[in-house]
Amino acid sequence: MATAASRSFSLTVGHRRLGGKLVGALLSLAFVLVFNFFLFRVRPGDPAKNLTRNRLVPAEQVQVLRESFGLGKPLPQQFATYVRDTLRGDLGISYKFRRPVSEVIAQRIWPTVLLLGVSTMLSTVIGLWIGIRGAWRRGSVFDRVSLGSALALYAMPEFWLGILLLIAFGVGVGPFPGPFPTGGLSSPDTELASLAGILDVARHLFLPCLTLTLAYLAEYALVMRSSLLDEMGQDYLVTARAKGLRDALVLRRHAVPNALLPTATLVFLNLGFIVSGAITIETVYSWPGLGLLSYEALRTPDYPLLQGVFLLFSAGVIVANLFADMLYSLLDPRVRSG
């Protein structure tokens, strides 16, 4: 009877926690929706005049262009229209591409998913392995080298690392040509559905993926190493060794699963924040994804496109944060009981 009551209480607390997190996520999205509108309108520049690309265009024609995009309306009216259309799923018409923003984003989303998906998987696996091996062999040559390299990569700006790799392996150094393309998703006249097309995309993907992988594996390695070092001093590991378990089993069955908790949360949080890093990397390598699209929209400035892209980025961060919090509750019973 007591067990059933405690289970019912735990379910109620869990549902309340989940409901509170969902409400918080919705409130965050509402704040982003409002902030997103005013953020880009405070920057200098007239989108209508920039679209003409001709300073000799009469002011009357610029005003007509401004009215056609709704820029001549009062700011409160523009905001009301923006909120109404966004809630309906209408992100507006891009000033630059003269097409619906949703269509423009849909064309650019898959290159970003490919880049972020591959780099996140590689940085997570390699970073965790480096952190585990370095912590378990603390003070070894591998630990010292990997720790110094991870600190250097962690402190290095992503765009600067990308430029260095682009010069070394794209442009080439001295008489040595670069073996990889300097930009783009694929070579011209390449059939992407063929084996040659897949290999060509992989060659173009190598440098931007390598840059993001090096930038983020350092963070995972450092966090995993620190977390595992904390776990290695716990009493339950001494007890496991006293039972006769080999060090490899103690590491795999006891130390690593507990040390993975903060690292797993960090990985899912970075799924949202890594998009901001993709903006600079895609710009450096001319990778035709959402990051490069954001840069192009900022140059115009293209208000509807900027609002749509950054709303998508912000929603990704909020959803990743919500998922990470729920995952942590599942992995750590202490969070659920609290």
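In which helix is the place of Leu164? Leu164 sits in helix 7, and the legends below return to this residue after an overview of the predicted model.

**Figure 1. Overview of the chain in the predicted model****.** The chain, which has 338 residues, contains 13 helices and two strands, and 38% of its residues count as buried. Among the contacts in the chain with a separation of 6 or more, 72% are accounted for by residues that lie 24 or more positions apart. The chain exposes about 19,000 Å², and carbon and sulfur atoms supply 66% of that area.

**Figure 2. A nonpolar patch on the surface, with residues from helix 7****.** The patch is formed by Phe159, Trp160, Ile163, Leu164, Ile167 and Val173, which together have about 540 Å² of accessible area. Helix 7, spanning residues 158-171, gives the patch its largest share, namely five residues. Leu164, whose place is in helix 7, has a relative accessibility of 36% and therefore counts as partly exposed, since that category lies between the limits of 20% for buried and 50% for exposed.

**Figure 3. Phe38 in helix 1 and its contacts****.** The place of Phe38 is in helix 1, which covers residues 2-39. Because its relative accessible area is 36%, Phe38 is partly exposed. When neighbours within four places in sequence are left aside, Phe38 is in contact with Leu75 and Phe79. A reader can also look for Gln307 in this view, for although Phe38 and Gln307 are 269 residues apart in sequence, their C-alpha atoms are 9.6 Å apart in space.

**Figure 4. Arg108, a buried residue of helix 5****.** Arg108 has its place in helix 5, which runs over residues 101-136. Its relative accessible area is 15%, so Arg108 is buried, given that the category applies under 20%. A polar atom of the Arg108 side chain lies 3.5 Å from the backbone oxygen of Gly289, and Gly289 also appears in the list of residues that Arg108 contacts when neighbours within four places in sequence are left aside. Besides Gly289, that list holds Phe97, Pro288, Leu290, Leu292, Leu293 and Glu296.

Notes
Residues numbered from 1 in each chain as written. Predicted model: local features only at pLDDT ≥ 70, side-chain atom pairs only at ≥ 80, totals over all residues. Heavy atoms only, no water. Patch = residues over 30% accessible without salt bridge, like charges linked within 9 Å, V, L, I, M, F, W, Y side chains within 5 Å. Areas by Shrake-Rupley, 256 points an atom, 1.4 Å probe, with all protein chains shown as cover. Salt bridge = Lys/Arg side-chain N within 4 Å of Asp/Glu carboxyl O. Helix = DSSP H or I, 4+ residues; strand = E, 2+ residues; numbered from the N terminus. Buried < 20%, exposed > 50% of the residue type's maximum accessible area, 1.4 Å probe, protein only. Contact = heavy atoms within 4.5 Å. Polar contact = N/O pair within 3.5 Å; in protein donor to acceptor, adjacent residues only side chain to side chain.
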